[in-house]
Amino acid sequence: MAVSAGVATLAFAGPVGPPGVRSAAPASATLVQLTESPVDVLGLEAYTGRYGVAESAGAGEADNGDFGDPDGMLRRIGLATRQARTAADPAKNWAQAQLTSLEVKAGRKPFLKVASLDSHAECVPPPVGPWALAYNRTDSGMIQVLGHLVRPGRTELSVTGAELGAAGIGKSTLTLVVTPFQDPAAQSRQGYARAGLDIVVTAVLKDKDGRPVYDGPVMFLRLGEVEAQCTSRPPTSSTTSATSTSSTTSATSATSTAGSSASATISMTTGSSGATTTPGGAASPPSSGGPAGRLPGTGIGALPAQAVVLLVLLGAGLLLLASARKRDSR
């Protein structure tokens with residue numbers, strides 16, 4: 001009869017989901033977030049809480065984590081080591097969360113264990129970036145539920161009332177979905193990084209006669225959620241956009257030139273004229289020589305003198321040819 005009374009309550013259990021709202025700060029970390037559905041036969045009541053929070057809301061801020069317990073999480077979890085750290089800096093925004101030997105209780109009974117976890121997210125802002133990177137490292141061989149090994153992905157466990165610590169419960173099924181997330185997993189040109197681990201537990205509980213007494217969510221656990229964000233460039237008008245594009249092109253050109261064997265600015269002198277050419281620029285006017293725009297002895301200004309010389313030579317050649325023909329005719 002006690003089970004039947006519990007069923008009436010359990011029928012209204014709400015869905016399990018991520019607790020709270022994600023931070024908009026440049027860097028944030030939350031070590032443990034827990035949501036439980038009210039499952040009377042397991043000694044669970046409706047609950048949402050978090051533990052181990054760090055946040056860097058502005059440039060130059062660093063936070064080594066707040067491990068106060070306003071949500072009463074330490075009545076539900078235990079852990080050996082803990083860390084939640086963030087920093088916001090012009091060079092890089094980053095967040096990290098680490099723990100070892102986490103144990104989550106269902107009622108008063110140990111339910112879920114995670115041996116270790118390490119999450120990290122970082123983002124390099126403009127002008128160097130945006131560049132982002134995130135990772136979640138979990139000892140996936142050491143996630144256990146009621147002593148059963150659970151790996152990333154979906155796992156169905158057959159459990160008994162004795163394992164659950166629930167009198168009147170017979171052979172039942174727990175379904176677990178373990179989802180590590182890391183975005184981006186490889187360094188990428190984006191302005192946002194996020195990592196962590198989700199564990200969702202649902203159950204089909206039956207009495208000893210095999211009749212279902214509960215079918216629904218049990219627990220949602222998010223571990224080591226870390227986020228880092230870079231300030232994106234503001235939207236610009238068409239005029240500003242054109243200027244920005246030009247500046248970007250110039251910066252890229254300068255970077256490419258600096259990376260080559262030549263220096264960023266190369267000067268080349270031709271003859272004694274003093275003309276200097278800079279890549280991408282116009283030639284400087286000559287410092288000496290003939291009329292403006294002409295080099296001495298070259299160009300249009302020198303053509304008449306050359307033509308006269310050629311004509312004189314041609315005439316002399318024709319006279320010599322004529323004299324030679326007259327001598328031959330005699």
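How many residues lie between E6 and E7 in their hairpin, and which glycine in the turn has a positive phi? Two residues sit between the strands, and glycine 107 is the one to click, with a positive phi of about 70°.

Before going further, some ground rules. This is a predicted model, so to speak of local features takes pLDDT of at least 70 and side-chain atom pairs count only at pLDDT 80 or more, while totals for chains, interfaces and linings use all residues. Numbering starts from 1 along each chain as its sequence is written, and side-chain values use heavy atoms, with hydrogens and water left out.

**Stop one: the strands around E7**

Select strand E6 (residues 93–106) and strand E7 (residues 109–124). Strands here are DSSP runs of at least two residues (E), helices are runs of at least four (H or I), and both are numbered from the N terminus. E6 and E7 run antiparallel, joined by 13 bridges; two strands pair if DSSP finds at least two bridges between them. Zoom in on glutamine 98 and you'll find aspartate 118 of E7 opposite.

Now add strand E8 (residues 131–138), which pairs with E7 in the antiparallel sense over eight bridges. These two also make a hairpin, with six residues between them. Leucine 117 is a handy marker: threonine 138 in E8 stands opposite.

Strand E9 (residues 143–145) is another antiparallel partner of E7, over three bridges. Pick leucine 112 and look for its bridge partner in E9, valine 145.

**Stop two: the disulfide**

Stay on E7 and show cysteine 123, then cysteine 230. Their sulfur atoms are 1.9 Å apart and form a disulfide, a term for a pair of cysteine sulfur atoms within 2.5 Å. By that rule the count is one disulfide. The link ties distant parts of the chain together, 107 residues apart: cysteine 230 lies in the loop between strand E14 (212–229) and helix H3 (238–259). Check the torsion about the S-S bond and you get -130°, a left-handed link. Both cysteines are buried (under 20% relative accessible area; exposed is over 50%, partly exposed in between, with a 1.4 Å probe and protein chains only).

**Stop three: the six-stranded sheet**

From E14, bring up the open sheet with strand order E2-E1-E14-E13-E12-E11, paired antiparallel. Its edges are strand E2 (47–56) and strand E11 (153–159), each pairing on one side only. Inside the sheet, strand E1 (residues 27–36) and E14 pair over nine bridges. To finish, select glutamine 33, whose bridge partner in E14 is arginine 222.
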